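Biologist: I would like to learn how to read a protein model. Could you walk me through one, feature by feature?

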Amino acid sequence: MPTAIKTHRGDGPDDNAPHILVVDDDSRIRDLLARYLHDHGFRVTTAIDAETARASMRGLSYDLLILDVMMPKESGIDFAKALRENNQVPILMLTARAEPEQRIEGLETGVDDYLAKPFDPRELLLRVGNILRRGTSTPATGEIRMGDFVFHVSRGELQRDGETVRLTERERELLRYFARHPGTPVSRHELAKGSDSGGERAVDVQINRLRRKIENNPTNPVYLQTVRGKGYILYSE
């Protein structure tokens with residue numbers, strides 16, 4: 001095995017835990033990510049560039065790639081584009097730049113999600129969890145967790161530390177819709193359909209009100225986020 005590939009083992013994740021490949025030429029970021037993910041129950045292997053990642057992927061299957069955009073020789077976007085020719089492994093792209101053009105380029109390539117540096121480690125976990133769950137719907141009797149909040153889908157009830165948080169019927173509808181599409185961007189048009197609450201422009205107002213009920217800092221949301229040019233996305237735990 002090339003020395004540039006490192007698998008993090010030891011006490012913690014079992015053999016059935018999701019296995020993540022972190023690809024980043026910055027050793028500090030790479031090791032921090034590996035330790036943090038390992039400590040939160042994931043198996044982790046790291047690689048310093050696309051070439052090393054390919055060597056690792058020839059011998060192992062991964063549940064998710066965390067891939068840096070700016071790497072020497074072959075960029076993260078070029079690597080993702082090559083992978084998508086014959087591999088559909090989920091990809092979370094890390095970028096030091098957050099320009100819409102770069103995000104769109106990556107999403108068109110087939111990247112599942114973007115996270116701009118510097119990022120909150122909690123948000124990293126939320127995005128990883130949602131990508132791994134993507135494609136499955138929340139059962140009608142299920143629940144979603146957002147920090148201190150729990151939304152019971154079938155009952156349409158939001159609770160914080162066992163106490164019920166009052167929701168309007170429209171807020172309840174929005175949470176139910178997001179709960180059934182976890183980690184997936186939903187357009188304003190889609191959210192406005194079937195509602196008499198004022199169309200797409202009213203959706204923004206309703207989302208802001210809902211954020212005030214589920215976010216510790218509504219101006220910098222962790223769970224209910226805006227996807228520029230697309231709409232909104234809910235990250236649950």
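Modeller: Let us go from the whole chain to helices and then to single residues. This is a predicted model, in which local features need pLDDT of at least 70 and side-chain atom pairs count only at pLDDT 80 or more, while totals for chains, interfaces and linings use all residues. Residues are numbered from 1 along each chain as its sequence is written, and side-chain values use heavy atoms, with hydrogens and water left out.

Biologist: How many helices and strands are there in the protein chain?

Modeller: The protein chain has 8 helices and 12 strands. Helices (H or I, at least four residues) and strands (E, at least two) are DSSP runs, numbered from the N terminus. Of the 237 residues, 46% are buried, where buried means under 20% relative accessible area, exposed over 50%, and partly exposed in between (1.4 Å probe, protein chains only).

Biologist: How do I describe two packed helices?

Modeller: Two packed helices are described by the angle between their axes and the distance between the axes. Here, helix H1 (residues 27-39) and helix H5 (residues 121-133) pack at about 65 degrees, with axes 11 Å apart. The axes are lines fitted to C-alpha atoms, for helices over the stretch in contact, and angles run from 0 to 180 degrees between N-to-C directions. Leu 33, Tyr 36 and Leu 37 of H1 meet Pro 121, Arg 122, Leu 124 and Leu 125 of H5; contact means heavy atoms within 4.5 Å.

Biologist: Why do the buried residues of helix H3 lie on the same side?

Modeller: An α-helix has 3.6 residues a turn, so residues three or four places apart point the same way. In H3 (residues 76-83), the buried residues are Gly 76, Ile 77, Phe 79, Ala 80 and Leu 83. They are on the same side of H3 because they cover an arc of only 160 degrees around the axis, taken from the directions from the helix axis to the C-beta atoms.

Biologist: Is Asp 24 buried or exposed?

Modeller: Asp 24 is buried, with a relative accessible area of 1%. Asp 24 sits in the loop between strand S2 (19-23) and H1, and its side chain reaches the backbone nitrogen of Asp 26 at 2.8 Å.

Biologist: And which side chain makes a polar contact with that of Glu 123?

Modeller: That is Gln 225, at 3.0 Å. A polar contact is a pair of N or O atoms within 3.5 Å; within protein, one must be able to donate a hydrogen and the other to accept it, and residues adjacent in sequence count only if both atoms are side-chain atoms. Glu 123 is in helix H5 and counts as buried at 14% relative accessibility.
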